[in-house]
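Here are a few notes to read alongside the model. Have it open and rotate as you go.

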Amino acid sequence: MPPAADVTDVRSLSARMRWQAEWCDRLGSPLYGVLLRRSADDADAGGPVAQALAGREGDPLESMLQLRFMGAVHRLALAGRAPELAATYPSCGGHGDPERAWPAFRDTVGELMEEVRGHVERPVQTNEVGRSRALACGFLWLAAETRLPLRVFELGSSAGLNLRWDSFHYRSGALEFGDPGSPVDFTDFLASGAPPVPEHVEVAARAGCDPRPVDLSTDDGVLTLRSYLWADQVDRLEHLDGAIAVAGRVPAELERADTVEWLGRRLAGTEPGSCRVVFHSIVMQYVEEAERGRIGAAIADAGARASADSPIARLELEPGGEEAELRVTLWPGGERRVLGHAGYHGVPVRWMA
C-alpha cells in the first residue's frame, strides 16, 4: 500500500487506524477493516487502545504503528494467550465475524496491555510470499534478457522467503514455471500478459540483508511472521507455511547488517558469467529518504562497473499508486523500465513489458 508518509493528515492514532482500515477493505480483509475502525473510535474515547499506545503518537509514520498494533494482538491470539479472541480469528480456526470479534479484541488489549505494549516494539515483518508472483515475473524477464545465471540479493529480506521464489510453483494462463511439487502453488494470478519463460533458469546465489532478520529455526520467528499477516486471510497464511517448509530445504544466507555496507560487499568487483540482482518488495516505505538515496547510489555505482558478461540489475516491487509497480533497471545502460503492476499482496499481476 502507499506509504503512510504520503498521507499528510495521518498524525493521530485514530487517523492512522482509519487510513489503514480503508486499505484493509480494499485488500480483502473486512475483519481488520472493522477492528481498525473500532480501535480508532476507542482511541478517540481514551479506551484501552489509547492506553496501550499512549506515548506513541510521535512514532514515524513509516513505522506503520497501526500494523504493529494489529500484529501484536494477533500474536497473542496465535500464541494461545487470548482464547476468546482466537475463537473469532480464522487464522486460529475462528468464525471471522467482525462485529463479534470487536468485544474480544478490546478485552484482549485491556487485559494483556503490557504484552501488547511489548510486542508493538517489534517492526513489521510481513515477508509476504504472495509478492513472489510479481517478483518471479521480473526474474524470468531478467533471465531471458541476460541469458545468465542469477545471483539474487534481497534488501529488507526478513526471513528470506522470497529468496526461494524459484522453488515455488506458478501456473497462470500460458505461464508455468517452478517446482510442481512445491507446497507453495500460485495459480491464475496474471490479469494480463505474461513474462517470457526461459528454457533454463539458474539461481547461482541467494542472500538477504535485514536490520532484524527473522530466524525460522525458532518458534518465535515463525510466530512473528504469522502474526503480521491479517487474521482473516487464511490463504496468505497457507502460502507462508508452505514457504517456511521450502526454506527448510533451500538455503539462503541472511545477515543483520548495514544495507549500504552490505551492498558494497555483494556488488564489489565483477561476477563474470552471472547477473547480480538486487531486489526488494514493499520495503522502501519503511526506509528514511536519505537512506533510500544512499541505497540507490550504491547500486548505481556498481552498475557503472557492469558489463555484458557481468550485468547488475535492480528489481523493485514498490508502491505505484493504487497498485504496486514492478520496475527493473539493468546495467550496462541503466535504463529503468516498468514491467508491470501488482496488488500489494502480489495479486493480480498485470504484465506490461
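1. A quick definition before the sheet: two strands count as paired if DSSP finds at least two bridges between them. Bear in mind too that this is a predicted model.

2. On that basis, nine strands make up an open sheet with mixed pairing, and the order reads β5-β12-β11-β10-β9-β8-β1-β6-β7. The edges belong to β5 (190-192) and β7 (253-255); each has a single partner strand, so one side of each is left without a neighbour in the sheet. From one strand to the next, the twist averages 25 degrees.

3. Have a look at β1 (residues 150-155) and β6 (residues 203-209): these strands run parallel and are joined by six bridges. Within this pair, V152 sits opposite R206 of β6.

4. Now the helices. α12 (residues 289-303) packs on the sheet and touches β1, β8, β9 and β10, with its direction at about 155 degrees to that of β9. Helix α8 (residues 132-146) lies across β1, β5, β8 (275-281), β9 (312-319), β10 (324-331), β11 (335-342) and β12 (349-351), and makes about 25 degrees with β10.

5. Which residues come closest to the centre of the largest pocket? They are P123, V124, V283, Y286 and V287, out of 46 that line the pocket. The volume of this largest pocket is about 1000 Å³.

6. As for what builds that lining, α4 (65-78), β1 and α12 are the elements that give two or more residues, and α4 gives the most, with four. Sorted by class, the lining has 20 nonpolar, 14 charged and 12 polar residues.

Terms used
Residues are numbered from 1 along each chain as its sequence is written. This is a predicted model: local features need pLDDT of at least 70, side-chain atom pairs count only at pLDDT 80 or more; totals for chains, interfaces and linings use all residues. Side-chain values use heavy atoms; hydrogens and water are left out. Axes are lines fitted to C-alpha atoms, for helices over the stretch in contact, and angles run from 0 to 180 degrees between N-to-C directions. Contact means heavy atoms within 4.5 Å. On a 1 Å grid over the protein atoms alone, a cavity is a set of points where a 1.4 Å probe fits but cannot get out, and a pocket is an open set with protein on both sides within 12 Å along at least five of seven lines; lining residues have an atom within 4 Å of a point. Grid points are joined across faces, edges and corners, and a volume is the space filled by probe spheres set on the points. Ala, Val, Leu, Ile, Met, Phe, Trp, Tyr, Cys and Pro count as nonpolar, Asp, Glu, Lys and Arg as charged, and the others, Gly among them, as polar.
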